[in-house]
Each structure stands twice: as C-alpha cells, then as structure tokens.
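Colleague: Could you take me through a close look at one part of this model, the place where the two chains meet, and then carry on into the second chain? I would enjoy one connected account.

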Amino acid sequence: MPRKILYVEDNPDNMTLVKRALEARGYEFLWAVNGLAGVEMAESNQPDVILLDINLPDIDGYEVARRLRNSGKSSLVYVPIIAVTANALRGDAEKALAAGCDVYMAKPINIRELWARVEGFLATPD
Amino acid sequence: MSFLIDLKCTECGTSYDPRNLQTYCLNCQSPLLSQYDLKTAREKLDRDAIRVRPRGMWRWHELLPVYQAENQIFLGEGDTPILRLPRLGEQLGLNNLFLKDESLNPTGSFKARGLATAISKARELGIKKVIIPTAGNAGGAMAAYAARSGLEACIYMPKDTPFSNMEESRIAGAQVILIDGLINEAAGMAGVKARDEGWFDVSTFKEPYRVEGKKVMGYELAEWFNWKLPDVIIYPTGGGTGLVGMWKAFDELEALGWLESKDRPRMVAVQADGCAPVIKAFQSGALFCDYWVEAHTLASGLRVPKSFADQLILRDLRASQGNAVAVSDEAIIHAQKQLAVMEGIFAAPEGAATLAGLIALIQQGWVDPAERIVLFNTGTGLKYLKQPN
C-alpha cells in the first residue's frame, strides 16, 4: 500500500512539481490549497508525511502545524511535517520549528532533497 | 568565441539552451552548470597562449559563457596575486603556505568575478534590470557591473550588512532595500519582487553564470602552480560558488589535457561556528544541509543558513577527500590580526577564517608541513570598518 504524502500549498506551480515528483516515487499524493482544508485532510486521511507551505491564504502554516500537533490524534501529533517556504519573512525557519514542524526547506524545492527528506522519515528502522 | 554549448542540470542531467535566458532546472529545481565543447577547445586552445594575453579574467574567454566580446564587462577582475606567506608559514611549521588575495578585485572582493560574468551574460541575453539578495559584497559588485553595462539594479541586504556594502551599491545607482533578516530572507523578498516586476534574479546558483566567473580562480591557481595543482585549498564557504567553481575548473582543465598531474587538491570548507550548515552535513555524512537556525557570525559573508547549491558543495568536498571546519568569531578576529601583523594583509573576516581553519587542521594533524596549502582571502578588511560616529 503506497505511503500517503499530504501537501498543503496554494501555489499551483509548486503543487504540480511536487505532485509529479512524489508520484514518480510511488507515493499517494494528497493535497489541500489552504490551511483549514489541510488540517481537515490530515485528520481524515492520516498521511505518513505532511509538506506544509507557510504562506497560506487563510490560516498560516505555523497555525496549521500547531493545530495538528494539538489535535489529540496520535497520528497527527507524531506525523513528520516538512515546512516549505520562500523565506520571505524573518525567522520563518525558527517559527516553523517552534510550531511543531520537524524540518524546514526553502523554495525552490530541490526535488532530490525532497525525496531524501521524505524517505528519511519513512525509512523502516532496523 | 566561447565554446559554451549547453547548460546541464547537476542532478537530473536535463539540458537547457544557453542562447536563451535560464535560471535553474525546471524539473528538479537544482542548479545548472555550463558545458563547453572541451574536445574542440583542446584542439584549438593553447594554455601558453592564454598566459601571455592581457591580464584579467576574460583572457579565458573561450571557457567563459559570453559569446560576443562586446558583452564582456571588464573592470579589472581576475589575476589576483598568489602570495607566499613565509612568516606565518614558519610560525605554523608549514613550508609552502600561500594566500590568493581576492581583495584586489574590483569592489574589493571575489564577488566581482561572478557578477562580471553573470551581468555580462545577462546583457548579452537582453536583460534590462537585475536583482540580487546579498550578505554584503555581492551587492556592491553587482551594482558596479550593472552600472557599467547600463542595467538597472536592485539589491536586498540585511540591515546589519557592513555600511560600505550599502554605500558602494547606492553610489553606483542601485536601489538598496535593507531588510530585517538574513540572506535567505533577502532571497525570498528579492524572488517575490523579481516575479512580480520582471527583474532578473542573479542569486547564487539561481542563474548559471556566476559560478563560471568564480571558476577562473581555479584556472589561475593551476597556471600559477605550473599546472600542478596545490595539495590543499582552504576556502570560506557561504553560498559555495567559489568552491564548486574551482572544482569544475579542475575538471575542465583535466579534460583539456592541461594539467601536468592528475593529483587534485583536497578542498576544505571553512564556516563560522555560528552558521555551519556545511560542516554539520559534511561531518554527519548528509547529502544536503539542514537550514541553520539563528545564524550569527561577524563574517557577514558566511551568514548563509543554507546554500541553494549545498549538495554540490558537499559532493565536491567529498570527491576531493577534503574536509570542513567550523571556527569561532574569536578565532577569526585573531587570525585577521595575525595576517595583518605577520604578512601585511588586511583580510576580510571570511578570508581570515581560512587561516583559523588551517590552524584547526594543523591541530588535527590533517595537513603535512611540506604540502602546498592555499588560503583564500575573499575580500578586503577595509570594507568591514565601522562607520565613524
């Protein structure tokens, strides 16, 4: 059964690129185009990894991360969250990590790095 | 005439036409590197003929990406001196210690090389306005080359960037925007402005040609050492263009058949311990750097929390069997003074960091006293003087 990756992102170009990249690796790709839809999608689908844009049109990625971590669902408290931003604001990385994200990646998203990060979280321990 | 024939993605190998404006790979968002017809170049070029051409970076023009000579913007960049450091060498127990002094470049830093190439190529491709995020020296260099080529320039820099970098940019007519953040945040803002207003973004490795100017440092080293490359190169690493560029230069020189020995230098990246993503990744065996949270160092050029080309830097360090060293700001200040007192060189903090890194390597027993070791001073210390009250 393919692992599920949820990408919360309002930019269609980034969405298309990441979708293509992850599907090429055999992942099931889920997406949401705003923060509230992202939280809902995460709660109902229990993804294995979440990619989270920070600059979203409704609630920002920090708030999404906080809501997921505080949701009470163990699958969301521990799901790996990779923050993805364009670094447009001071302290994005620090805030993302403080909000509960595990890793921070800047746009443009290097696809090799994305694969490596996702696979790093999904690797089965020996 | 340039032998440039192709731009190739460093990860997926996709080709891009250098006769059109390119940025980075659209498939995997990795940097592009220029590919030259080195087979033909090997037949037609003579390294000794290049040696006697007029001084400067463009004497290597066949191996640079600009097709038309009238687009080569020249302010005197390149052919910086390689100085033996006899007093420091004696003190450190090293017989062959050298420093390549990039502070002699226009605008006082090695950034002139990359920006000369990038702006020249941008002009050739019809670009009218260029934008850059900078930790300092790249902004001043871009402003100068943009001014000389008649391009409009916009520069995003952290508000605590050295004052001289702001002023040299402004006096060259650039629009300077100071931001409350680091270079990565400046890059984000510059990227937004570029997209919204049609500026061409010449951020490190987000266009393919700055690295081409930087690689000439590698050509110059090879030529100066009579085509037998030095044993160790110690380089301050922020965005990593110089390190990646020199390794590319060595590949090209080998393909041209110009090197007298196949031995390559061991490349060493030096960063400040307040911002050492490359060192952390190198030491942990990672393929990519983690973003360095709360980056801080007095060496503003080393305050790069994560380079866009991190995987290339790590790849080349490992290919060279090199090393990566973090040094403290205190060690940088001490090294800066040592270079000035013992050798008369007022180095930028980033350049001084290479001496601090060398001292750490000596303590580790990683260098041999007889090896030919080259430090890189990437800029002049004069640009870091505080504004008088």
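**Where the chains meet, and beyond**

Modeller: Happily! Let's begin at the interface, where 17 residues of chain A are in contact with 21 residues of chain B. On the chain A side, the elements that give two or more residues are helix 5 (92–99), strand 5 (103–106) and helix 6 (111–122) of chain A. Helix 6 of chain A provides the largest share of that side, with four residues. By character, the chain A residues that touch chain B divide into 11 nonpolar, two polar and four charged. Please keep in mind that this is a predicted model; for the complex, the predictor gives an ipTM of 0.84 and a pTM of 0.94.

Now to chain B itself, which averages a pLDDT of 96, with 99% of the residues scoring at least 70. A good place to start is a pair of helices: the axes of helix 4 (residues 111–124) of chain B and helix 8 (residues 210–224) of chain B come within 6 Å and cross at roughly 135 degrees. Because of that angle, helix 4 of chain B counts as oblique to helix 8 of chain B. The crossing of helix 4 of chain B with helix 8 of chain B is right-handed. From helix 4 of chain B, the residues in this contact are B:Arg113, B:Gly114, B:Leu115, B:Ala116, B:Thr117 and B:Ala118. They meet B:Arg210, B:Val211, B:Glu212, B:Gly213, B:Lys214, B:Val216 and B:Met217 in helix 8 of chain B. Sorted by character, the residues of this helix contact divide into six nonpolar, three polar and four charged.

Next comes a sheet in chain B. Four strands form an open sheet in the order 8-7-6-9, with parallel pairing. Its edge strands are strand 8 (175–179) and strand 9 (200–201) of chain B, each of which pairs on one side only. As for the other two, strand 6 (residues 129–133) of chain B runs parallel to strand 7 (residues 152–158) of chain B, and five bridges join them. If you would like one pairing to find on screen, B:Pro133 has B:Tyr156 in strand 7 of chain B as its bridge partner. Helix 5 (residues 137–149) of chain B packs on the sheet and touches both strand 6 and strand 7 of chain B. The direction of helix 5 of chain B makes about 175 degrees with that of strand 7 of chain B.

Conventions:
Residues numbered from 1 in each chain as written. Chains lettered and ligands numbered in written order. Predicted model: local features only at pLDDT ≥ 70, side-chain atom pairs only at ≥ 80, totals over all residues. Contact = placed C-beta atoms within 7 Å. Nonpolar A, V, L, I, M, F, W, Y, C, P; charged D, E, K, R; others polar. Axes fitted to C-alpha atoms, helices over the stretch in contact; angles between N-to-C directions. Parallel < 35°, antiparallel > 145°, perpendicular 65-115°, else oblique. Left-handed = near helix turned anticlockwise from the far one by under 90°. Pairing = 2+ DSSP bridges. pLDDT = per-residue confidence, 0-100.
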